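Here's a quick briefing on the chain you have open. Grab your viewer and follow along.

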Amino acid sequence: MSAPAGADRYVPGHGDTSYSVHRYELEIDYRPGVHQLTGTAAISAVAETDLTRFALDLHALRVTKVRLDGANAKYSHRSGRLVIKPREQITAGAAFTVTVHYDGPPETVPGIDGEAGFEELEDGAIVASQPHGAPSWFPCNDRPSDKASYAIAVTVPNEYLVVANGAFTGSRRRSSRTTWTFDQPEPMATYLATVQIGRYTIADDGGSPALRVAQPAGSNGKVRATFGRQREMMTLFERLYGPYPFASGYAVVVTPDDLEIPLEAQGLSIFGANHLSTDWETQRLVAHEMSHQWFGNSLTLRHWSDIWLHEGFACYSEWLWSEAGGGPSAGEHAARQAKRLAALDQDVVLADPGPELMFDDRIYKRGALALHALRLRIGDEQFFGLLHAWATTHRHGGVTTQMFTDLAQERAGVDLAEFFTSWLWSKPLPPLDPAAGRRRKGA
C-alpha cells in the first residue's frame, strides 16, 4: 500500500489531510537504561473524505498489531508511514477508532532542521518534538492543523517521576513500577505532546494559575532564582493576552543534562541544567517559553510556513517583559535588533521563509520587529487591543498569517496593505519608525 502524500511542504512525508483526530489515548511503558518503549495508542478520528486507506506517522518503532473499530486491520509500515486499509470504505463524516500496538527503542526523527523526538537522557528521558518528532514515540497524524485532546499514561520504575501534558490525574504503583496518568482536554498539536521522565521533585508556588517546577532531586537555589519572576511574567501576559489558556497550569522541567536550547510543549517548558541564571539571556528565554503558551500552543499555526506567528510573538513578549520588568524598553530592543539585522543578508521572507530557514534567528527577531513596527504604526491602544483580541478570539485554534493581517486591518482603522507587504512578504528589511528607540508606556 502506497502512503498518502504528506500534509505540509515544510515537513515532507508527515500528516494526512483525509481525516482528523479528535482524541489520542496513549499508554506507554518505558524502561530507562535499556531505552525500551512498549506502547498502545487508541486514536479516535473522523473521515474528511471517503477513505479506502489512510496514514499514521510512526518512526522506527515496530508495529505488532493494528485494530480498526475493534477488528484486525490490514496495514503496511515503511519509511515512517503506517498505512491502514479498512475492510470497507469509511465514508466522509464517519467516526472511527484505530488502535496500534507497538514497541522498540525510540529514535529521534531526522529532518532538514535536525533531529527531534523522544531522546534518552543520562538518567531518564526527554521528548522535544518540534517540528516533526512526535512519531518517535506514538503513531499520529503529524500535522499542526490537526489538534486533539489527549489522555497519557506512562509506566516507569518507581524511582522516576513523570511530567506530561495536561492535568495529573493520579499514579498507581504495582511492585517495582508506577503508572502516571494525565488528561489534556484542550486541543493540542502532535508536536507539542511530551513526556519528561527523571528523578525529579516538584515545587508549586500555590498561586493561580498553578506554576510548578520539576527539578532534579538535590538541586540548589539556582532553580528557584532562575524562575523566581515567573508569577510576574504570568500576570503581565494575562493582562496583555487574556487568561492563561490551560486549566492544568504551567510547569517548568529542569533536566539534569545540559540542553542546547530550552523548548516549550503544551502546558510546560523544558530547560537544561545549563540554563540556570538570573541574567537577561536566560530570563528572556523564561519569558519566551511561557509566552508560547498563548502563541504556539493555544494559537497554533496551521502550516509551518507561518512559524513567525509563534516565534515573532514570543520574541516580542521578551521585549514586553523587559519593558514591564524594569529593563530596556521594547523600542530600545527593537532599535538594537533592527541595526543588527540590517547588516545581515536580506534573503528572508518572514511569512514564508522556507524549511531551511524556518528556525533562523532572523525569523524570531524580524517577527518581533514587525510587531513593534505595527505598534508604532497604529498606536499602543489599538496594538495591545489587537494582541488581546488575537489571543482570545482564536483561543485553542489554528491560525494563519492571513487571519492575523485581516484582524489587524479590521481593528486598525488605517490601510495596512503596504505595511504588511513590506514586513511579511518582501525580503529587504523595512525601516522602523524613528520613535522605535523611545520608551513606550502601553505595556
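Pro131 sits in the loop between β10 (124-128) and β11 (148-157), with helices (H or I, at least four residues) and strands (E, at least two) taken as DSSP runs numbered from the N terminus. The peptide bond leading into Pro131 from Gln130 is cis, with omega near -5°. Keep in mind that this is a predicted model: local features need pLDDT of at least 70, side-chain atom pairs count only at pLDDT 80 or more, and totals for chains, interfaces and linings use all residues. Residues are numbered from 1 along each chain as its sequence is written, and side-chain values use heavy atoms, leaving out hydrogens and water.

**Other backbone oddities**

- Most residues other than glycine have a negative phi, and most peptide bonds are trans.
- Ser208 and Pro209 are also joined by a cis peptide bond, omega about -5°, and Pro209 is in the loop between β16 (200-204) and β17 (211-216).
- Ala60 isn't a glycine, yet has a positive phi of about 70°; look for Ala60 in the loop between β3 (54-57) and β4 (62-68).
- With a relative accessible area of 45%, Ala60 is partly exposed; the cut-offs are under 20% for buried, over 50% for exposed and partly exposed in between (1.4 Å probe, protein chains only).
- His396, not a glycine either, has a positive phi of about 70° and belongs to the loop between α7 and β22 (398-399).
- His396 counts as partly exposed because its relative accessibility is 21%.

**The chain as a whole**

- The secondary structure adds up to nine helices and 22 strands.
- A compact globule of 443 residues would have a radius of gyration near 22 Å, and the chain agrees at 22 Å; that radius is taken over C-alpha atoms, and the globule rule is 2.2 Å times the number of residues to the power 0.38.
- The C-alpha trace spans about 65 × 55 × 35 Å along its principal axes.
- Of the 443 residues, 59% are buried.
- Take the contacts (heavy atoms within 4.5 Å) between residues at least 6 apart in sequence: 70% of them join residues at least 24 apart.

**The nonpolar core**

- The largest nonpolar core has 138 residues, and Trp137, Phe138, Trp308 and Phe404 have the most contacts inside it.
- Helix α6 supplies the largest share of this core, ten residues.
- A core here is a set of buried Ala, Val, Leu, Ile, Met, Phe, Trp, Tyr and Cys residues joined through side-chain atoms within 4.5 Å.
- Leaving aside neighbours within four places in sequence, Trp137 has contacts that include Leu26, Tyr102, Phe118 and Val195.

**Helix α8**

- The twelve residues of α8 (401-412) should span 16 Å at 1.5 Å a residue, and the end C-alpha atoms are indeed 16 Å apart; the expected span is 1.5 Å times one less than the number of residues.
- Its buried residues are Thr401, Phe404, Thr405, Leu407, Ala408 and Ala412.
- Those buried residues fall within an arc of 160° seen down the axis of α8, so they line one face of the helix; the arc is that of the directions from the helix axis to the C-beta atoms.
- Over on the other side of α8, Gln402 and Glu410 are exposed.
- Cover for the buried residues of α8 includes α4 (308-324), α6 (361-378), α7 (380-393) and α9 (417-425).
- Gly413, just after α8, takes a positive phi of about 80°.

**Helices α9 and α5**

- In α9, Phe419, Phe420, Trp423 and Leu424 are buried.
- These α9 residues keep within an arc of 90° seen down the axis, so they line one face of the helix.
- They pack against α4, α6 and α8.
- In α5, the buried residues are Ala330, Gly331, His333, Ala334, Gln337, Ala338 and Leu341.
- They cover an arc of only 150° around the axis, which puts them on the same side of α5.
- Their packing partners are α3, α4 and α6.
- Lys339 is also in α5, but counts as exposed at 69% relative accessibility.

**His292**

- His292 lies in the loop between α3 (280-291) and β21 (300-301) and counts as buried at 1% relative accessibility.
- Not counting residues up to four places away in sequence, His292 touches Glu264, Asn297, His310, Glu311 and Ala314.
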